[in-house]
Amino acid sequence: MKDYIVKHEWKIIEEGYVPEHNQITESLLSLGNGKMGQRANFEEAYSGPTLQGSYIAGVYYPDKTRVGWWKNGYPEYFAKVLNSCNWIGINVIIDGETLDLAKVKEVHSFRRELDMKRGLLARAMDITLQNGARLEINSRRFVSMHNDELGVIEFSIVSKNYNGPISVESYLDFNVVNQDSNYDENFWNIEQIEAEANNNYVQAATKKTQYIVGVAMENSIAVNSEITDQASTITLTSGKSKETFNLNINEGSTLTLNKYVGITSSMNYDAIDIKPKSIKIANQASNYTFDELLANHTRAWSDIWDMCDIKIEGDVSAQQAIRFNIFQLYQTYTGQDDRLNIGPKGFTGEKYGGSTYWDTEAYCLPFYLSTADEEVAKNLLIYRYKQLDKAIENAEKLGFTCGAALYPMVTMTGEECHNEWEITFEEIHRNGAIAFAIFDYIRYTGDKSYLAEYGLEVLVAISRFWSQRVNWSAKKERYVMLGVTGPNEYENNVNNNWYTNYIATWCLKYTMEALLFVEKEHSEQYNKLTKKMDFASGEIKKWQHIADCMYYPKDEELGILLQQDNFLDKELTLVEDLDARHRPINQNWSWDRILRSCFIKQADVLQGFYFFEDHFDEDAHRKNYKFYEPITVHESSLSPCVHGILASKLGMEEKAYEMYLRTARLDLDDYNNDTEDGCHITSMAGTWLAIIKGFGGQRIIEDQLSFAPNLPSQWNSLSFKIKFRKNLIEVNIGKGKTEIINLNGPALEILLDGSTFNLPESNTNLAS
Ligand code: BGC
C-alpha cells in the first residue's frame, strides 16, 4: 500500500519526482474518451521505468496462445489491446543533451496533476540538465471528449539561466511494442509515413486483424506567446515522422509548442478516408488555441459530471476516490458503440488484453443503467446478444450440443481468448452473470420486451449449457456440477461450487419464466423464436427437474453455505493472522500453497448473496458474511465492493467503510501492489455500487425504487443523482435525514426505509 497521492476533492496530485512511483502515476493519470486512451507518459525522452501506452478502442491483435502443455479446446489466441502510435512525443535538445528526467543533474521541483473536473493532465517541473541549463517545463494535455479523435498538448520551456540554441522535436512514432506479447512480435505493419505541406502523417495496420490506424499532427511554436513562423525541418524514418524547430532561447523567455493530433481508425472509416480524416482533424484543431479546445472538452465533461457526480462532505479522501472511479469509467466507456465493451484495465495498461470479462455484466451494468441513457446499458447487453453464435460455437468446441452456449471468460469478438484451463473450461459461472444482467436490466428499466427481442435466445442457450453441464449423482440423488472454478480463483477444479450451482439453477428458473412471458405477451415472436432455436417443450421438463433437485453444499451446524464440497476440511486460519510480509499472497506464495490454503481471492458465496439477497434472511447473510469475510484476502479488485455492500446492509458500519476505502482507493493507494500495470476499471463500477447500493441502500423492490441509507459516521452528507426509468432523482443523505427529489419526470412512488413516499411530477428543464 502506498500513500503518496495528495488528497484533493477534484484532483489527483503527485508532488516530487520518485522514479519508483512513475509507472503507478502513469496509470493513475491516464486520459481517455471512450475511443482512445493514453497513459500519463512523459512527452519527452525518458530512460527510467515506464510503460508506454496509447490505445485505440476495439483495435486488437490475436496474439498466438502460449501454454506449457497444449490441451484440446484451448483457444488459438489471446486478444491483446495494442500499444498504438506514440503521438505525444516531444524532445528537447540543448547543447547536444536531450532532456531525460532520469538523467538530469537535479530536479528542483516536480508536480503532476490530473484535474478530473476538466479532464486535464498537467505537469510542472524545474530541472537542471547535466550541461547546467536550468529549465522550467510545463505541459498540459487532454484527449478530447468533444471530438473523440483529437488529442492536444501544450508544452512549454522556460529558460532560467541558459542563452543559446535549442531544438524542439515533435514526433509521431509507430515503432511501438507491447510489453505483453507472447512471442516478442511486433504487431504493426507500417503503411505510410509522410509530410506534405506540413501535414505529418503516419499510418500502420495490425498484422492478422488488419485494423488501420492513421495519426496526423500539426505543430505550432511560440516564443513568449508570439507564434513564430520559424521554418521547421521534417524528418521521415521508418514508422516515424518528426518535425524539428531549431531556435534560440534566452534566459527568462518561454518557448511553447502546441501539438494537435488527429487519430482515426478503420473501426470507423473506410481505409481510403483515414488519412484525409486524421489530417483534417489536426488541421482544424490547429486554428484554435489550446484553451479554446480545452473549453469544448471541459464542457463535455461538465455534462457528464452534472449527471453522475457524487458529493461526499466531510471526507476528502473518500470524495477524491469516488470521483476518480467515475472519471476513469467514463474515460473508458461512453456507451455510444455497441461493438465496444469495458476492459478491466480500460485504456490504462495492457493487462487483461483490453478484452471483455464477466466484470461488465456483474459490476458495470448497474452503473451505466443509473448514470446514462437506457440505450447505453442496452448496448452492453446487445454486445453479448450479437456474440451468441460464437458462444454456441465455443460450447460446441468443448463437446456441448443442441444450441448450448458458453460465453467466453475473455473475449474481443465472442471467441474465447483465455488459455488457462481452470479458467477457460471451468470458470463457467460467467454464463450466469450474463443471464443475471438481462434480469437486472429489465428489473431496473421495466423494459420486458427486451426478453422477446433479444433476451430469450441468450437465456435458452445458457440454460441448455447448464442442463448439459450438470450430472445426476446416484449417490446423492441430486444434480451435481463437477470440476469447476468459482469466482474465487484461488481454488480450481472443485466440485459443487455453491455459487455456480445456485446461479445455474436460477438461470433455469428465470428462463422458464421468460419463456412463459414471451409465449403469453409476444406469441408471434415466441413461435418465431422457438422455431429458430429448435426449442422442444421437453427441455423444460429437464430444467425443472434440475432446478428441483440441485445439490447445494452447506454446513447445518455453522449455518453456512459451503463454497464447495469439503471446504471445511481446509485448515481454517484468518487473514488477520497472516504475516503482512506474505501479502498479497499471489505475489509471495507458490500457486500450490494458495490452492491448499483457505484464503479466498474474492466474494464467492457472498457474490451469490449480493445477487440474490432477497432469497436469504438476515441471519443467513450475517452468518455467511462472518464466516467468509475474515478468510478473504480481497486480491481481486472485484471483492471489496461486494463485501462493502453486504456490510452496509448488515449495519457493520466500520467494515463497510473499510471496504469502501479499499475498493475506492484500490489504485490511488496501490493496495494490491499492481497499479503500475494499469487501473482496475471494472471494479471502479463496484466502488459506485458500494456507495449507491451500500451506503444509499438503493434497490428495486417489487418494481419500486427503494433506498435504505446508512451514512458512514465519517461523512457529513452524501448526494447523488440517478436515472430511473422516466425519472431523474436526486438523493441527499445527511446525518439522520434523507431528502429525495424528483428532478425530472412523472410522479413516482418510492420506498424509503420501507415506507412509501410519493414524489410529485417535476418538469425541471434539465438543460437550464
Ligand atoms: C478476477 C476475475 C476478473 C478478472 C478481470 C481476476 O483477477 O478474479 O473475476 O474477471 O480479474 O477483472
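These are my notebook entries on a predicted model of a single chain, going from the whole fold to particular strands and residues.

**Entry 1: the chain as a whole**

I began with the overall dimensions, and found that the C-alpha trace spans about 85 × 60 × 55 Å along its principal axes. I then asked how the radius of gyration compares with that of a compact globule: for 768 residues such a globule would have a value near 27 Å, and the chain has 27 Å, which agrees. The secondary structure, when I looked it up, came to 20 helices and 34 strands.

Next I turned to burial and surface, where I noted that buried residues make up 64% of the 768 residues, and that the accessible surface comes to about 29,100 Å², of which carbon and sulfur atoms hold 46%. For the contacts I took those between residues at least 6 apart in sequence, and 69% of them join residues at least 24 apart. The charges were my last item here: there are 76 positive and 108 negative ones, and their mean positions lie 2 Å apart.

**Entry 2: the sheet that holds β14, β19 and β20**

I followed one open sheet of 5 strands, whose order I wrote down as β9-β8-β14-β20-β19, with antiparallel pairing. Which strands stand at its edges? They are β9 (97-98) and β19, and each has a single partner strand, so one side of each is left without a neighbour in the sheet.

Within this sheet I looked at β14 (residues 164-173), which runs antiparallel to β20 and is joined to it by 10 bridges; V168 stands opposite F245 of β20 there. On to β19 (residues 232-237) and β20 (residues 240-249), which also run antiparallel, with 6 bridges between them, and where I found L236 standing opposite S241. β19 and β20 form a hairpin with 2 residues between them, and in the turn I noted G239, whose phi is positive at about 75°.

**Entry 3: a second open sheet**

I then traced another open sheet of 5 strands, in the order β22-β29-β30-β31-β34, and its pairing is antiparallel. Its edges are taken by β22 (310-313) and β34 (762-763), each of which has a single partner strand and therefore one side without a neighbour in the sheet. For the pair at one end I recorded that 4 bridges join β22 to the antiparallel strand β29 (residues 717-724), with E313 opposite S717 of β29.

**Entry 4: β28 and its two partners**

Strand β28 (residues 704-707) took up this entry, and I first asked which way its side chains point and whether they are buried or exposed. Q704 and S706 point one way, L705 and F707 point the other way, and all are buried. As a reminder to myself, side chains in a regular strand alternate between the two faces of the sheet.

What partners does β28 have, and in what sense does it pair with them? With β27 (residues 699-701) the pairing is antiparallel over 3 bridges, and I701 stands opposite Q704; with β32 (residues 748-752) it is parallel, again over 3 bridges, and L705 stands opposite I750. I also noted that β27 and β28 form a hairpin with 2 residues between them, and that E702 in the turn has a positive phi of about 45°.

**Entry 5: two charged residues in helices**

I looked up E26 first, which is found in helix α1 (residues 22-28). Is it buried or exposed? Its relative accessibility is 1%, which is under the 20% cut-off, so E26 counts as buried. Leaving aside residues up to four places away in sequence, E26 touches R39, A40, N41, T50, L51 and R112. One of these, N41, is 15 residues from E26 in sequence, and their C-alpha atoms are 5.7 Å apart.

K277 came next, and I located it in helix α2 (residues 271-285). Its relative accessibility is 29%, so K277 counts as partly exposed. With residues up to four places away again left out, K277 touches E149, T264 and Y269. I also checked the separation of K277 and S265, which are 12 residues apart along the chain, and their C-alpha atoms are separated by 9.6 Å.

How values were computed. Residues numbered from 1 in each chain as written. Predicted model: local features only at pLDDT ≥ 70, side-chain atom pairs only at ≥ 80, totals over all residues. Heavy atoms only, no water. Rg over C-alpha atoms; globule rule 2.2 N^0.38 Å. Buried < 20%, exposed > 50% of the residue type's maximum accessible area, 1.4 Å probe, protein only. Contact = heavy atoms within 4.5 Å. Areas by Shrake-Rupley, 256 points an atom, 1.4 Å probe, with all protein chains shown as cover. Lys, Arg positive; Asp, Glu negative; His and termini not counted. Charge placed at Lys NZ, Arg CZ, Asp CG, Glu CD. Pairing = 2+ DSSP bridges.
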